[in-house]
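Biologist: I have the model open and want to go through how the helices pack. Please take me through it.

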Amino acid sequence: MLTTGRSFRNERQINDAERKKIELVFHQCDVDKKGYLSREDLKIAVVMLFGYKPSKSETNILMENGTIKDCKGVPLEPFATLMRRKMSAEDPYEKARQIFSAFDVHCRGFLKLDDFKSAFKRVAPRLQERTVLEAFRSPQVSEMKC
């Protein structure tokens, strides 16, 4: 099978805030100011940007694609390129689906007000009930579909 290395899914554009975040994370993870991220630094950077620890094989791929000749790790430019590519391939609705699934404890495919209240009691116990009601009635929430 012949591939071009690109997926057929529409990749979204990375905005300036995301570009700055990638650069900021790089500098935060390059604690010793070496100018590159070691394997461990890279794992921490992925956690900071995407919220999960990369597997050993994913880390290997990132290291292979990000390291340049005569450098022990991944410098800023290759790191930024890799992370932009990873961000642009991300499904922008995946987090919303995960949150919805966590709230939908009865697996009905929709949320009732009681489900919404219960979920907010667990994640934000001090939030006023009025705010929860307003969020539930919000057009953005009621139009969300899985």
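Biologist: Start with H3 and H4. What hand is the crossing?
Modeller: H3 and H4 cross in a right-handed way (the near helix is turned clockwise from the far one by less than a right angle; anticlockwise would be left-handed). Helices (H or I, at least four residues) and strands (E, at least two) are DSSP runs, numbered from the N terminus. This is a predicted model, where local features need pLDDT of at least 70 and side-chain atom pairs pLDDT 80 or more, while totals for chains, interfaces and linings use all residues. Residues are numbered from 1 along each chain as its sequence is written, and side-chain values use heavy atoms, without hydrogens and water.

Biologist: At what angle do H3 and H4 cross?
Modeller: Roughly 130°, with the axes of H3 (residues 56-66) and H4 (residues 76-89) coming within 9 Å. Axes are lines fitted to C-alpha atoms, for helices over the stretch in contact, with angles from 0 to 180 degrees between N-to-C directions. H3 and H4 are therefore oblique to each other (not under 35 degrees, over 145 or 65 to 115).

Biologist: Which residues meet there?
Modeller: Glu58, Leu62, Asn65 and Gly66 of H3 meet Pro78, Leu82, Met83 and Lys86 of H4 (contact is heavy atoms within 4.5 Å).

Biologist: Now the other pair. How do H1 and H2 cross?
Modeller: The axes of H1 (residues 16-29) and H2 (residues 39-50) come within 9 Å and cross at roughly 140°. That makes H1 oblique to H2. The crossing of H1 and H2 is right-handed.

Biologist: Which residues make that contact?
Modeller: H1 brings Lys21, Ile22, Val25, Gln28 and Cys29, and H2 brings Asp41, Ile44, Ala45, Met48 and Leu49.

Biologist: Back to H4. Which of its residues are buried?
Modeller: In H4, Pro78, Phe79, Ala80, Leu82, Met83, Met87 and Ser88 are buried (under 20% relative accessible area, 1.4 Å probe, protein chains only). Their cover includes H1, strand E1 (36-37), H2, H3 and strand E2 (74-75).

Biologist: Take Val74 in strand E2. Buried or exposed?
Modeller: Val74 counts as buried, because its relative accessibility is 1%.

Biologist: What is Val74 in contact with?
Modeller: Leaving aside neighbours within four places in sequence, Val74 is in contact with Phe26, Tyr36, Leu37, Leu42, Leu62, Met63, Gly66, Thr67 and Phe79.

Biologist: How far apart are the C-alpha atoms of Val74 and Met63?
Modeller: They are separated by 6.6 Å, with Val74 and Met63 lying 11 residues apart along the chain.

Note on methods: Buried means under 20% relative accessible area, exposed over 50%, partly exposed in between (1.4 Å probe, protein chains only).
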